[in-house]
Number of protein chains: 2
Amino acid sequence: MLKLKTCLALELPSINAALRQATLRLPTAVRPVAEHIFNAGGKRLRPFLVLLMARLFGYTGKDIYSLAVTLEMLHAATLIHDDVLDNADTRRGKPAVHTIFGATMSILAGDAMLSTANELVADHNDLALVRCFSQAISRTAAGEIMEIAAMRNLTQPAALYREIILGKTAWLIRSACVMGALKAGASPAQVADAATYGEELGIAFQIVDDALDVAPASVIGKPSGGDVREGKLTPPVRMYREHLAAASPAALADFDKHFSAGDLSAADAENVGAQIRLLGFDQRTRELAGECLDKARAALEKLPDGAEKRHLYTMADYVQQREK
Amino acid sequence: MLKLKTCLALELPSINAALRQATLRLPTAVRPVAEHIFNAGGKRLRPFLVLLMARLFGYTGKDIYSLAVTLEMLHAATLIHDDVLDNADTRRGKPAVHTIFGATMSILAGDAMLSTANELVADHNDLALVRCFSQAISRTAAGEIMEIAAMRNLTQPAALYREIILGKTAWLIRSACVMGALKAGASPAQVADAATYGEELGIAFQIVDDALDVAPASVIGKPSGGDVREGKLTPPVRMYREHLAAASPAALADFDKHFSAGDLSAADAENVGAQIRLLGFDQRTRELAGECLDKARAALEKLPDGAEKRHLYTMADYVQQREK
């Protein structure tokens with residue numbers, strides 16, 4: 001049996017060729033923007049999930065590639081909009097789109113990419129696919145909006161965290177699995193299991209991301225504790241506050257003051273990150289991700305056996321173990 | 001027979017009620033943004049065109065309102081993105097969305113509105129409607145991008161102007177007519193005529209807008225010659241340059257220098273506007289719009305007779321004559 005990495009490497013040329021075809025459907029002026037972000041790399045996780053899920057249900061049509069890349073185009077559009085909003089300098093190790101093409105072009109290019117991807121989905125003549133895709137755009141935007149609204153807010157309900165990451169990260173991954181299953185003509189129950197797998201995989205992916213945020217700078221290649229400075233109440237930060245509440249209410253009050261005000265220095269954040277690691281909260285956060293992945297695996301168990309199913313199990317293991 | 005204005009006034013409550021229903025489909029955090037822009041006014045031209053065109057082809061279903069307002073939501077989303085990009089202070093006489101909700105929320109709200117409108121179209125279970133709508137988003141973004149790319153550029157081909165305004169203004173109006181006809185089950189030839197009517201009406205609408213740009217400030221309520229300062233090669237500006245080329249090559253060279261550099265003062269632009277009026281180029285621009293409206297009327301002539309057809313003729317007259 002091919003290993004997951006080998007399988008992905010074998011599929012990459014076809015995925016990238018379909019992405020080039022999709023780019024040709026964009027308005028001429030936007031193509032260089034799309035080419036820039038596609039050429040900057042990216043793991044193509046979402047297209048790959050569409051492929052795996054469609055094949056797991058026995059679909060062999062070559063048009064699966066043109067469907068798969070619509071989610072990569074949508075994902076790229078959201079990254080372009082995000083980078084304008086965050087005024088980020090780099091993306092995937094290359095200059096961010098807006099630093100080269102300007103904010104105006106980047107926003108409009110993102111809009112054109114969203115809608116062209118939608119047209120490409122409509123080419124598959126299946127309203128269920130169109131609905132799934134449109135909903136993916138709405139839910140992703142909604143997740144980001146909820147995250148912004150919740151920043152530096154210490155009184156937010158604990159359940160909001162899952163809502164936020166379900167939107168901003170997991171919904172696209174869920175949609176990839178659903179679209180692959182729908183394209184293959186899976187039954188409603190099977191589509192629901194594919195959705196659960198994708199949703200829990202996506203949630204776990206973001207939880208591990210939030211655990212990695214407090215890893216040493218030498219490991220992640222950026223300052224540790226970025227989320228703390230930005231005022232995001234991620235699981236390790238929540239655990240850290242619970243620890244302070246028991247250990248030293250004065251220290252908690254001090255932390256809360258700076259967390260809410262958003263005036264923690266880079267050194268403060270590094271220090272919080274180091275404490276979180278010492279207390280083992282990064283590992284406990286990974287355990288939370290592990291619980292989600294168990295649900296993903298349970299959903300997967302119900303799906304048809306085969307090479308794709310084994311790859312999807314491997315993907316769950318990879319999410320749990322990834323170190324950067 | 002009801003006059004066009006009376007007919008629109010009678011329809012407005014149903015259009016606004018459908019718009020409120022559509023707003024409820026947005027992510028909660030985005031609703032205040034949408035409510036702000038919908039409550040700020042707007043003529044509801046696009047929904048009204050959907051209604052008129054559907055009824056002209058005999059459609060009487062009440063679900064036409066839910067389809068009609070998708071284009072208003074899309075239109076509002078593009079206005080929100082535009083105002084962020086232009087850093088505009090006001091829209092429809094009220095504070096622009098981003099001055100109240102911030103740029104980040106405005107961009108994400110625009111994204112959510114685009115995709116939710118797309119979902120609402122998909123609810124009508126007709127892939128032709130979905131394709132038309134997605135294309136409307138792409139074409140509008142493409143038109144705006146072309147306009148930005150062409151700014152201050154004096155060597156652009158004359159035909160580019162129509163391409164730009166076809167995208168940035170006319171395509172949504174065209175799409176309103178096409179979607180109304182499609183919903184009513186019109187034949188492909190009839191849909192094509194409805195498309196021509198909408199396209200030419202939309203082109204004429206923008207040409208008249210560009211003629212109005214050089215009207216006296218007292219008439220339009222903003223400084224005259226804004227397009228000249230922004231470096232837009234609109235028909236009156238093009239005619240003015242042709243006049244200078246014949247009358248005084250030195251004056252043309254001077255104008256071109258400042259037009260390209262984008263350093264014309266408000267007083268310079270007012271002065272150019274006054275000269276354009278004196279030379280009658282604003283009227284000649286309106287005549288260009290008249291030619292488009294003749295094409296719109298010719299397409300309309302082929303469509304079924306009735307009250308709606310008369311309203312659509314009146315709408316063409318209104319576009320030609322409007323003074324602000």
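How are H6(B) and H7(B) oriented to each other? In this predicted model, in which local features need pLDDT of at least 70, side-chain atom pairs count only at pLDDT 80 or more, and totals for chains, interfaces and linings use all residues, the axes of H6(B) and H7(B) come within 9 Å and cross at roughly 160° (axes being lines fitted to C-alpha atoms, for helices over the stretch in contact, with angles from 0 to 180 degrees between N-to-C directions). The two helices, H6(B) and H7(B), are therefore roughly antiparallel to each other (angles over 145 degrees). Residues are numbered from 1 along each chain as its sequence is written, and chains are lettered from A in the order in which they are written.

The contact between these helices (C-beta atoms, placed from the backbone, within 7 Å) involves B:Leu114, B:Asn118, B:Val121 and B:Ala122 of H6(B), together with B:Leu129, B:Val130, B:Phe133, B:Ser134 and B:Ile137 of H7(B). Its residues comprise seven nonpolar, two polar and no charged (nonpolar being Ala, Val, Leu, Ile, Met, Phe, Trp, Tyr, Cys and Pro, charged Asp, Glu, Lys and Arg, and polar the others, Gly among them).

Between the chains, 33 residues from chain B and 33 residues from chain A take part in the contact. On the side of chain B that touches chain A, two or more residues come from each of helix H4 (64–86), helix H6 (103–122) and helix H7 (127–150) of chain B (helices being DSSP runs of H or I, at least four residues, numbered from the N terminus), and H7(B) gives the most, with 14 residues. This side of chain B divides into 20 nonpolar, nine polar and four charged residues.

Definitions and conventions:
Contact = placed C-beta atoms within 7 Å. Parallel < 35°, antiparallel > 145°, perpendicular 65-115°, else oblique.
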